[in-house]
Amino acid sequence: MTSYQENHDLLKICKLAPVIPVLVVDETSKAVPLAKALITGGLRVLEVTLRTDNALAVIKEMVNSNAEGIIGAGTLLSEKDVYAAKKAGAKFGVSPGATEQILRACAEVSLPLLPGAATPSEVMSLLSKGYSVQKFFPAESNGGVKALKSILGPIPGVSFCPTGGVTPTNAIDYLSLTNVPCVGGSWVAPENKIKAADWRAITERARSTQAFRKPSAG
Ligand code: 3PG
């Protein structure tokens, strides 16, 4: 499979739910109840960032115990991260930007990648390599909804998952754009609620995102 097809397949994943929770988890004991809380609330595509010592173990736990969940690895910064994410069982990868090394490693191990882009040149460069689904990052500090609207005119062939500064208040504005199938954000399951094992609050937050669901979503 080529990177193009894998990235294209990512669009189906992005359409499964309006929000991809961006998770920072260090305690492996939290992995299973956290995934369960989010899936119960209707969010089954989850991004576990590789920002903690135990992130890979957390991914493994989630993959092995939540059949419904589609668990991705975020904050991929190197080839080593890509190989480790794949080995842990991640179904997709997310990177804040895009390097040749990461693109190559993801294609090599068939890990669908959501690569980050912040400018029209970066968007075009990724598109020229076949990446028609991209993460717009950091979304709010790069012009937010207005910037994505402006990109849609000249570059209509790219779908974006904006992440970085997306909140329950502005998510609906992003999702009203035709080039935004989903958004990413940490607000659904913030670190303090994970640390406190407040699964009820996390499920409630996940559930409340269903109001953002796009009419076309499957
Ligand atoms: C990240 O990678 O940290 C994401 O962009 C999450 O950003 P947020 O905390 O602003 O949702």
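Helices here are DSSP runs of H or I at least four residues long, and strands are runs of E with at least two, both numbered from the N terminus. With that in hand, Leu16 falls in the loop between α1 (3-14) and β1. Bear in mind that this is a predicted model. The tour below starts at that loop, then takes in a helix, the ligand and a pair of rings.

**The loop between α1 and β1**
- Leu16 counts as partly exposed, because its relative accessibility is 25%.
- From Leu16 to Val183 is 167 residues along the chain, yet their C-alpha atoms are separated by 11 Å.
- Ala17 sits in the loop between α1 and β1 as well, and this residue is buried, with a relative accessible area of 4%.
- If you skip the neighbours within four places in sequence, Ala17 is in contact with Gly42, Leu43, Pro181, Cys182 and Arg213.
- For Ala17 and Leu43, the C-alpha separation is 6.0 Å, with their positions 26 residues apart along the chain.

**Helix α2 and what covers it**
- Helix α2 spans residues 31-40, and its buried residues include Ala31, Leu34, Ala35, Ala37, Leu38 and Ile39.
- Cover for the buried residues of α2 comes from elements including the strands β1 (19-23) and β2 (45-49), along with the helices α3 (55-65), α9 (191-195) and α10.
- Just after α2 comes Gly42, which takes a positive phi of about 95°.

**Thr209, after α10**
- Look for Thr209 in the segment after α10 (199-208).
- Thr209 has 0% relative accessibility, so it counts as buried.
- Its contacts, leaving aside neighbours within four places in sequence, are Pro18, Val19, Leu43, Trp187 and Val188.
- Leu43 is therefore worth a second look, as a contact of Ala17 and of Thr209, given that contact means heavy atoms within 4.5 Å.

**Around the ligand**
- The residues surrounding the ligand are Arg51, Lys135, Phe137, Thr163, Gly164, Gly165, Gly185 and Ser186.
- Arg51 puts a polar side-chain atom 2.6 Å from an oxygen atom of the ligand.
- Ser186 also uses its side chain: an N or O atom there is 2.5 Å from a ligand oxygen atom.
- With Gly165, a backbone N or O atom lies 2.7 Å from an oxygen atom of the ligand.
- On its own the ligand has 310 Å² of accessible area, and the protein covers 76% of that.
- Two of the surrounding residues, Lys135 and Phe137, also meet each other: Lys135 lies over the face of Phe137, 4.6 Å from the ring centre.

**The aromatic pair**
- The count of aromatic pairs comes to 1.
- The pair is Phe136 with Phe160, and it is edge-to-face because the ring planes are at 70°, with the centres 6.1 Å apart; the cut-off for edge-to-face is over 60 degrees.
- These two rings link distant parts of the chain: Phe136 belongs to strand β7 (residues 133-136) and Phe160 to strand β8 (residues 159-162), 24 residues apart.
- Phe136 counts as buried, at 0% relative accessibility, and Phe160 counts as buried at 0% too.

**An exposed spot**
- Ala67 lies in the loop between α3 and β3 (70-74).
- At 84% relative accessibility, Ala67 counts as exposed, since the cut-off is over 50%.
- C-alpha to C-alpha, Ala67 and Asn170 are 31 Å apart in space, and they are 103 residues apart in sequence.

Terms used
Residues are numbered from 1 along each chain as its sequence is written. This is a predicted model: local features need pLDDT of at least 70, side-chain atom pairs count only at pLDDT 80 or more; totals for chains, interfaces and linings use all residues. Side-chain values use heavy atoms; hydrogens and water are left out. Rings of Phe, Tyr and Trp (its six-membered ring) pair if their centres lie within 6.5 Å; planes under 30 degrees apart count as stacked, over 60 as edge-to-face and the rest as tilted. Buried means under 20% relative accessible area, exposed over 50%, partly exposed in between (1.4 Å probe, protein chains only). A charge sits over a ring if NZ of Lys or CZ of Arg is within 6 Å of the ring centre and within 35 degrees of the ring normal. A residue is near a molecule or strand if one of its heavy atoms lies within 4 Å of it. A polar contact is a pair of N or O atoms within 3.5 Å; within protein, one must be able to donate a hydrogen and the other to accept it, and residues adjacent in sequence count only if both atoms are side-chain atoms. Accessible areas come from the Shrake-Rupley method with a 1.4 Å probe; for residues, only the protein chains shown count as cover.
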